[in-house]
Amino acid sequence: MEGWDPSTKSTLTKIPLLTTKAGPRDGSGAWTQRLKEEYKALIAYTQMNKSNDNDWFRISAANPEGTRWTGKCWYVHNLLKYEFDLQFDIPVTYPATSPEIELPQLDGKTQKMYRGGKICLTVHFKPLWAKNCPRFGIAHALCLGLAPWLAAEIPILVDSGMIKHKDDTSSTTEAS
């Protein structure tokens, strides 16, 4: 944690660490316990973000098994809110392998993304995940993976014209 800014360190220390080393194929009892821990960490992270006026995502399990997650994330740039669909599957080797976070609407718009809209987390995040397995979970992936990716990529995509704000067409029409 030595290279991180104080805000990131503070946020990370407040997200509960997980203790159950179980994935989807480890049996329903162990996986259910892990999912409970995942939800506790996500709730704590969401509450912390809201209390700091930094609410930036909504996410929930898309299936009863908790192996598919969907939601929305957003980033504010130049006082405009850019919102994106968010999804990922829990890998069968979870928690040893981190989820591959996908933003399908941005597929092909940046080099820091793989096919299907999977954001690139290999260089910085994957080693950190491996070092902290099984203590890291979904909330940690959002905090240390998706949040910095959005902060680095969205301003570039907006400034280069690769993505437009949803109100761009109406504001152009009104200005004419």
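This is a short tour of a three-stranded sheet, the helices across it and one buried acid.

Before you start, note that the model is predicted: local features need pLDDT of at least 70, side-chain atom pairs count only at pLDDT 80 or more, and totals for chains, interfaces and linings use all residues. Residues are numbered from 1 along each chain as its sequence is written, and side-chain values use heavy atoms, with hydrogens and water left out.

**The sheet.** Select 57-61, 68-77 and 80-89. These strands (DSSP E runs of at least two residues, numbered from the N terminus) form an open antiparallel sheet in the order S1-S2-S3. S1 and S3 are its edges, each pairing on one side only; pairing takes at least two DSSP bridges. From one strand to the next, the twist averages 10 degrees.

Now zoom in on S2 and S3, which 10 bridges join. Pick Trp-74 to find its bridge partner in S3, Glu-83.

**The helices.** Next, show 28-51, helix H2, which lies across S1 and S2 at about 165 degrees to S1. Then add H4, residues 138-159, which lies across S1, S2 and S3 at about 45 degrees to S2. Helices are DSSP H or I runs of at least four residues; angles run from 0 to 180 degrees between N-to-C directions of axes fitted to C-alpha atoms, for helices over the stretch in contact (heavy atoms within 4.5 Å).

**The buried acid.** Finally, select Glu-102, in the loop between S3 and strand S4 (113-114). Glu-102 is buried (under 20% relative accessible area, 1.4 Å probe, protein chains only). Its contacts include Asp-85, Phe-88 and Lys-118. Glu-102 has no salt bridge (a Lys or Arg side-chain nitrogen within 4 Å of an Asp or Glu carboxyl oxygen); the nearest side chain of opposite charge, Arg-68, is 4.4 Å away.

Terms used. Buried means under 20% relative accessible area, exposed over 50%, partly exposed in between (1.4 Å probe, protein chains only). Lys and Arg count as positive and Asp and Glu as negative; His and the chain ends are not counted. Lists of a residue's contacts leave out its neighbours within four places in sequence.
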